[in-house]
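User: Could you take a close look at the aromatic side chains in this one for me? I would like a connected account rather than a list.

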Amino acid sequence: RMFHDDELEESEKFYVGQPRVLLLIYALYNTLVARSEMVCYFVIILNHMISASMITLVLPILIFLWAMLSVPRPSKRFWMTAIVYTEVAIVIKYFFQFGFFPWNKHVDYTKDKPYHPPNIIGIEKKEGYVHYDLVQLLALFFHRSILKCHGLWDEDEKGDSSSNKEDTDDELSLRGGRRDSSASLKSVNLAASVESIHVHFPEQQTAIRRKSSSSISQLSHRSSFSSHRSKRDIFKNINHTTLSLYFLQCKLCVIKSHCGLCCFRTLQVYVPIRQFFYNLIHPDYSAVTDVYVLMFLADTVDFIIIVFGFWAFGKHSAAADITSSLSEDQVPEAFLVMVLIQFGTMVVDRALYLKKTVMGKVIFQVILVFGIHFWMFFILPGVTERKFSQNTVAQLWYFVKCVYFGLSAYQIRCGYPTRVLGNFLTKSYNYVNLFLFQGFRLVPFLTELRAVMDWVWTDTTLSLSSWICVEDIYAHIFILKCWRESEKRYPQPRGQKKKKVVKYGMGGMIIVLLICIVWFPLLFMSLIKSVAGITNKPLDVSITITLGGYQPIFTMSAQQNQLKSLDPNEFNEFLKSYSGNTAALQFLEGYAREDITRADLEGNSNSLWTISPPSRQKMIQGLLDFDADFSLVISWTIQRGSIHTFCLCPSSATGVSLQPRSCLTQLGLCSPCRTLEEMYPYYIKAPSDSLAKPIKQLLRDCKWENITVSLVKNTSEEWWVLNQLGKRQKTTHESLELFIFSDKVSPPSLGFLAGYGIMGLYASVVLVIGKFVREFFSGISHSIMFEELPNVDRILKLCTDIFLVRETGELELEEDLYAKLIFLYRSPETMIKWTREK
């Protein structure tokens, strides 16, 4: 050991010997100390999410546009601004809590109004108005103490004074030689709040550099990066010269003109901001990083939040389901706008990433920060008619967006990577990357959209078809590389048969899957109603009887109390009555007691018979003509809760018996009760997706029931009265009885599948899946040349070389390598040589 200390060793042993819980507390505290600025950011954002006011809006914007963009860390000026601003906000909120302000007299009435001015500003009276501000102030003081302990609190002032000493020796000699003569023109000290700006003469500086480079041959090894940096410094110095001279002119005009004073004060604010963003876009040193994947994941999470919580961004706050809205062919406006905006930002972010333009990313960051904050805290509350602090989904979306803003600021501060090579899922060759990459390729249109966007925003000489060809080859080779690596990790000895675990595990699973796909429609349609079916009882049962197309003679409906379910005793007696009827019992097996409804219809028609005298006489003549057909139509309508079933079924079109026909000829008198034989359907089946039909299995000898009809006349009014013969429910008054057997309906969540039916499911699901399965099992012989490659390292390296030369701007070499790749796939002999094992 180079250094030994007994006390340090004893301290280390004492620390290791502590309980794990205490060690965990130590680790959490050290993490808190190491990331104390992130704690401050989190508390500030949380305070703004809870308060959602203009007072708390300032600091989050400063975080994303100042603190997180500062290199290498936020300056002392930012932390002092945050501390002072928090203290002032606490005092302001405390001052406006007094009750003598007029808006504090009706707090209960105005506390939920999003556009009430005190609520927008953040000065409303409420309980715990300052709790989060105190926590925020505590976090800021904690971070300040950490910086002071490590000597970083006053580092910025030292850094500013030492940063001016980065000039080369020739620049220092230039300043030393001309300091006395032109000090007032070369350097203008604006104020303490503005950094010192030194004005240099680029022509003389360039001349001295040229002279020094010609006299000192040891500096010839400077890289192109240093020369580019010197050109950038010259450009920076030119801008500084112009601004400094303008500052000097403004200082001279302060006394003479008030406008000059205003201009000078404006430039005092403008120049540091401009210099900050200029240094950000043109950094002296760049720690290149790539967090695009994390930004994409944050945007994806926000996209999912929008899809499943779109109702929170609309006017109505009631929870809704996007699947139900889409099933009704309704696209909510809030959902459409949010999806388009979110998708558009993802596309723009991808374009900036491919172009590697930091300036564009800075502009995009500024627009997004101001735009999203303005929309979330000023527009959205008016749209949803509730405060942002009461919208949980919007708060979650905003928090994830803040994570995205932090990642974007980190990307801007560090700079974009110089090379973007392949997909981030293709960095390793294991099962996890393999399955994730294949899942990525299965997402509809995602692979195609990514390929086209990469081609549009990447400098290349390849056409779109050639680009897609390279991408497809690279994806295929990556998959083969993952399988080859897995074969190396888990080798299979030669001459050894496959284990039963593999055969029955993989093969058995495929067999079960294929069988389930083949018989899925039958199993689904049989189980959807028997197991998960819902009883859908009728709400209204109506019957109408019409003679020969004339005005109906009888109309009646049953609702509410007139629709009754069978009790257990009645249901058992109903089943016993068909004990010897096999067809009836087979039909009744598909129905439970709650599926049967008895409708009790009043025998008196609910409408008067108001036929005109000419039509009356014509109808009587038609009944007297026994050689012509005269129809009597009985129609019924059954209305249920979620499904409406309407049926119009004629009881007989020809061959009406003579007895009812002769009795109906006496329509002009108050006729006695007459009998219509085999005219009334006693049992009706109400299926879920077709017309209601009579049930012949339950009829005696397949004959319909008999009913009696009579015409009642009262002065100038007349109506028909019907009565059913052989009712199960014995009643003394005239009435009709009708039994409705309702089929179970599928639950709403599976209704979209059940609506296709068995043949529809076979045509839309089974055949489509079968096509993909057939493509997997057939045509393998045609792809052996490209699938059975023992070693794909050379092809994979050729693809990565194409990506590399494209990123470095060697476009001619890109064409050559692409031609080599195409020739390789056109030449089987060359492919065999390239893919041999080493």
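Which Phe and Tyr residues form one aromatic cluster?

Analyst: Happy to walk you through this. Please keep in mind that this is a predicted model. One aromatic cluster is formed by Phe 574, Tyr 578, Phe 587, Tyr 591, Tyr 682, Tyr 683, Phe 739 and Phe 741.

Let us widen the view to the ring pairs. The count comes to 37 aromatic pairs. Among them are Phe 377 and Tyr 398, whose ring centres are 5.1 Å apart; their planes meet at 85 degrees, so the pair is edge-to-face, a label that applies over 60 degrees. Phe 377 belongs to helix α17 (residues 358-384), while Tyr 398 belongs to helix α18 (residues 392-414), so this contact ties together parts that are 21 residues apart in sequence. Both Phe 377 and Tyr 398 are buried.

Rings here also meet charges. The charged end of Lys 401 sits over the ring of Tyr 404, with 4.6 Å to the ring centre. Likewise, Lys 481 lies over the face of Tyr 429, at 5.6 Å from the centre of that ring.

Finally, a word on the cysteines, in case you are setting up bonds. The model has zero disulfides. Cys 799 is in no disulfide, since its nearest cysteine sulfur, that of Cys 469, is 9.3 Å away, and a disulfide needs the two sulfur atoms within 2.5 Å. Cys 799 is buried, its relative accessible area being 0%. Cys 414 also counts as buried, because its relative accessibility is 9% and the cut-off is under 20%.

Terms used:
Residues are numbered from 1 along each chain as its sequence is written. This is a predicted model: local features need pLDDT of at least 70, side-chain atom pairs count only at pLDDT 80 or more; totals for chains, interfaces and linings use all residues. Side-chain values use heavy atoms; hydrogens and water are left out. Buried means under 20% relative accessible area, exposed over 50%, partly exposed in between (1.4 Å probe, protein chains only). Rings of Phe, Tyr and Trp (its six-membered ring) pair if their centres lie within 6.5 Å; planes under 30 degrees apart count as stacked, over 60 as edge-to-face and the rest as tilted. Helices (H or I, at least four residues) and strands (E, at least two) are DSSP runs, numbered from the N terminus. A charge sits over a ring if NZ of Lys or CZ of Arg is within 6 Å of the ring centre and within 35 degrees of the ring normal.
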